[in-house]
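Please look over the sequence and the model below before reading on. The paragraphs that follow go from the overall layout to the sheet, and from there to the core and a single turn.

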Amino acid sequence: MDQYKEKLKEIDLGFFHEFPMHCTKIEPGHQLEGYMDIDGRSLNVYGVAHGGVGFTFGDNLSGSLAYLDRPGVTVNAQVDYLYGILPGRIYGKASYLKKGKTLSTIAVHVSQNGQLCLHGTYTIKHLERPVIKEEEGQ
């Protein structure tokens, strides 16, 4: 698993740092599991995590799973919010529904304290090359 965690460090930049995800299980081409800690910065006026936090966690899970095969970007997502996410740790699992040459569809489940909080389907467009390329000499 360590070699895959090293590969995921390649995309650990920018926006990814705002919502750090920790991988606990990696099966390239099949599934990826991880967790994220929710703190006060992520809460809305009702004391639960803003919906965008759960969405982003799902996007990071699905994008990371896809990246282990080929770089890609999310082109579509459908998310159902089932229960509010409270401060604390959330767990997620991403698994392929369809792995295609150009597009892949990945299912994501996010839970907290054994309760399913979010179910999402993310569509990833695979790219021929990475979007961010380091300039020579930097």
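Two residues are said to be in contact, or to touch, when heavy atoms of one lie within 4.5 Å of heavy atoms of the other. With that term in hand, the reader can start from the chain as a whole, keeping in mind that this is a predicted model.

The protein chain contains 2 helices and 6 strands, and, read along the sequence, these elements follow the pattern α-β-β-α-β-β-β-β. Of its 138 residues, 35% count as buried, while the accessible surface comes to about 8200 Å², with 51% of that surface belonging to carbon and sulfur atoms. Among contacts between residues at least 6 apart in sequence, 63% join residues that are at least 24 apart.

How far the model can be read depends on its confidence, and the average pLDDT of the protein chain is 87, with 81% of the residues scoring at least 70. The mean is lowest in helix α1 (residues 2-8), at 65, and highest in strand β5 (residues 103-112), at 98. Over residues 132-138 the pLDDT is below 50, and beyond near neighbours in sequence this stretch has 1 contact in the model. Where pLDDT is low, the predicted coordinates should not be read in detail.

The next element to follow is the sheet. Strands of a sheet pair through backbone hydrogen bonds, either parallel or antiparallel. Here 6 strands form an open sheet in the order β1-β2-β4-β5-β6-β3, and the pairing is antiparallel. Because β1 (22-27) and β3 (72-81) stand at the edges, each with a single partner strand, one side of each is left without a neighbour in the sheet. From one strand to the next, the twist averages 20°.

At the β1 edge, 5 bridges join β1 to strand β2 (residues 31-38), and the two run antiparallel. Within this pairing, C23 stands opposite G34 in β2, and K25 has E33 in β2 as its bridge partner. The two strands form a hairpin with 3 residues between them, and G29 in the turn has a positive phi of about 80°. P28 also has its place in the loop between β1 and β2; because its relative accessibility is 26%, P28 counts as partly exposed, given that buried means under 20% and exposed means over 50%.

On its other pairing, β2 meets β4 in the antiparallel sense over 8 bridges, and in β4 the bridge partner of Q31 is S95. S95 can also be related to the loop, since the C-alpha atoms of P28 and S95 are separated by 9.7 Å although these residues are 67 apart along the chain. Strand β2 is mostly covered, with 6 of its 8 residues buried.

Which residues of the largest nonpolar core touch the most other members? Of the 26 residues in this core, they are L32 and I106. The elements that give two or more residues to the core are β1, β2, α2 (51-67), β4 (88-99), β5 and β6 (115-126), and the largest share, 5 residues, comes from α2. Leaving aside residues up to four places away in sequence, I106 touches S62, L65, A66, A94, S95, Y96, L97, G120, T121, Y122 and I124. S95 is thus met twice, as the bridge partner of Q31 and as one of the residues that I106 touches.

Technical notes
Residues are numbered from 1 along each chain as its sequence is written. This is a predicted model: local features need pLDDT of at least 70, side-chain atom pairs count only at pLDDT 80 or more; totals for chains, interfaces and linings use all residues. Side-chain values use heavy atoms; hydrogens and water are left out. Helices (H or I, at least four residues) and strands (E, at least two) are DSSP runs, numbered from the N terminus. Buried means under 20% relative accessible area, exposed over 50%, partly exposed in between (1.4 Å probe, protein chains only). Accessible areas come from the Shrake-Rupley method with a 1.4 Å probe; for residues, only the protein chains shown count as cover. pLDDT is the predictor's confidence in each residue, from 0 to 100. Two strands pair if DSSP finds at least two bridges between them. Axes are lines fitted to C-alpha atoms, for helices over the stretch in contact, and angles run from 0 to 180 degrees between N-to-C directions. A nonpolar core is a set of buried Ala, Val, Leu, Ile, Met, Phe, Trp, Tyr and Cys residues joined through side-chain atoms within 4.5 Å.
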